[in-house]
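Colleague: Could you walk me through the charged pairs in this one? I'd like to hear the reasoning behind the labels.

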Amino acid sequence: MKRVSLPVVSAQQYRGAVEGELWELRPAAVAGSFSARSQPVNDSPEAIAQLATTMLQTPADFPTIVEAIVPGDHVALAVDPNVPRLNDVLRGVLNLLGRANAGRVSVVLWSEASEAFAKELEDELDGVANNTDTLKPLNVEVVRHQPHRRESLRYIVADENAEAVYIAKDLVDADFTLPILSARARDAINNIDPTGIFPLFADAATQHRYQTGKTTEPSEAAWLLGVQVMMLASADAAGELGRLVAGTPDALRHELTNLYASGETADAESWDAAESPNQDQSSISETVPTADLVVAALDGDAASQTWVNLARAAIAAGRHVTPGGTIVLWSEVAAAPDPVWSRELGQGITGIESNEDDSDDQPGNEASLDQDTAFRSWDAETPLARQWNQLIADGHVLVHCQLEDDVIESFGMGVIHSVDELRTLGSRLSGAGVLRAAHYHTESITAFSMNEEPTSSDTASESEDQ
């Protein structure tokens, strides 16, 4: 797939922002006890597939998964479509499942994945499955989670308000469930389910309750699914696969929580241990850097170039831009926006209920329900879109993409076409920051309650007052 990179980024690795200088932040990289064996030997598909196989043979705090799978078992992979080099990672996973003589394999993608992406992935994995070392070819199916469709869901548990929680049926029906996620430090900070199961694979009504603060994660959901081990992939500055680890959810969450307790740090390898001989790398934390100009780049392959990731990048940049500053989203997004973006970013497309008014939730109010499914018509992207829209209202947001200028300008954003324009813009400002692979710098799923966290400017003001 085509790789996307910001050509003007040449900053040194971030050690602490100084006003007027260019700083750079990279995505969280799981390291710690895994660092010696978690990197691919090179960037070839074979090396990444082999790393995935090796990690599942030696997961942290868990025996090889071959011992956990009975021949003929139905295995479900709960997959974040933003995992770097996903095709190659899944190739390695299928190789090991073939050795374990698994039966049916369901690859269940987050709902943000497009149908075209799911179809392309299924075509590629069919070829892999037919060549695996197994008694018979694996039966591999790739599906997108459909939170509005009752027939694609199974009841799993009730939340603290006795409301039913439904989960994607392939995950519930499977004999063995393996989540495969991108590493995001803020997921750990916000205590989002470490397996990625809840609420991303829940029904639309449950997602709505979660994102509006009316429910929290039922702690037994992942346990009831039998999730014992998972994979976590961290991206490097270019959006490529930096590290890949496997282990129990608790073991991997512990790594993220300890290494990235501040939520925004550089790659751990950029630290010079000699400068802090008495301080463990896992405890290093710095104040959030800010700048008048923050460039949030969607480094990565074509699968990364989505509106959901543009929103994640904008939100991440908003935590670093000074009041009245400028955010530049540098991407190669070419797909037209879905209705949720058109509605929330300024164009009044109807048909998807997003009203937060509590009256919509009263029993018997059919206006808030999808008539075909009896689930509330709710999009998980709505909080992302609303946070992005607030950034547009508060300051200057410019976008580099492959769409026509009038599409971007209709949302109240500006367009930046070239590197020269970016250099000209930067020369007018007194400091700049770069977020590499910026879509990994914020949460996998955003709740409205998260909108109230202090901004970088508020944090800076509090520090000055102390």
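Colleague: What makes R85 and E240 a salt bridge?

Modeller: This is a predicted model, and in it the closest N and O atoms of R85 and E240 are 3.3 Å apart. The cut-off is within 4 Å, so the pair counts as a salt bridge. R85 sits in the loop between β2 and α2, E240 in the loop between β8 and β9, and the two are 155 residues apart.

Colleague: Why is E240 called buried?

Modeller: Its relative accessibility is 17%. Buried means under 20%, so E240 makes the cut. R85 is buried too, with a relative accessible area of 9%.

Colleague: How do you know that R209 and D159 pair up?

Modeller: Their side chains come to 3.2 Å, N to O. That's within 4 Å, so it's a salt bridge. R209 lies in helix α6 and D159 in the loop between β5 and β6, so the pair ties together parts that are 50 residues apart in sequence. Both count as buried, R209 at 12% and D159 at 7%.

Colleague: Which residues do shared partners join into one network?

Modeller: R85, D88 and E240.

Colleague: And E24 with R26: why is R26 called partly exposed?

Modeller: R26 has a relative accessible area of 23%. Partly exposed runs between 20% and 50%, so R26 belongs there. Its salt-bridge partner E24, with closest N and O atoms 3.1 Å apart, is buried at 2%.

Colleague: How many salt bridges does a search of the whole structure find?

Modeller: It turns up 18.

Definitions and conventions. Residues numbered from 1 in each chain as written. Predicted model: local features only at pLDDT ≥ 70, side-chain atom pairs only at ≥ 80, totals over all residues. Heavy atoms only, no water. Buried < 20%, exposed > 50% of the residue type's maximum accessible area, 1.4 Å probe, protein only. Helix = DSSP H or I, 4+ residues; strand = E, 2+ residues; numbered from the N terminus.
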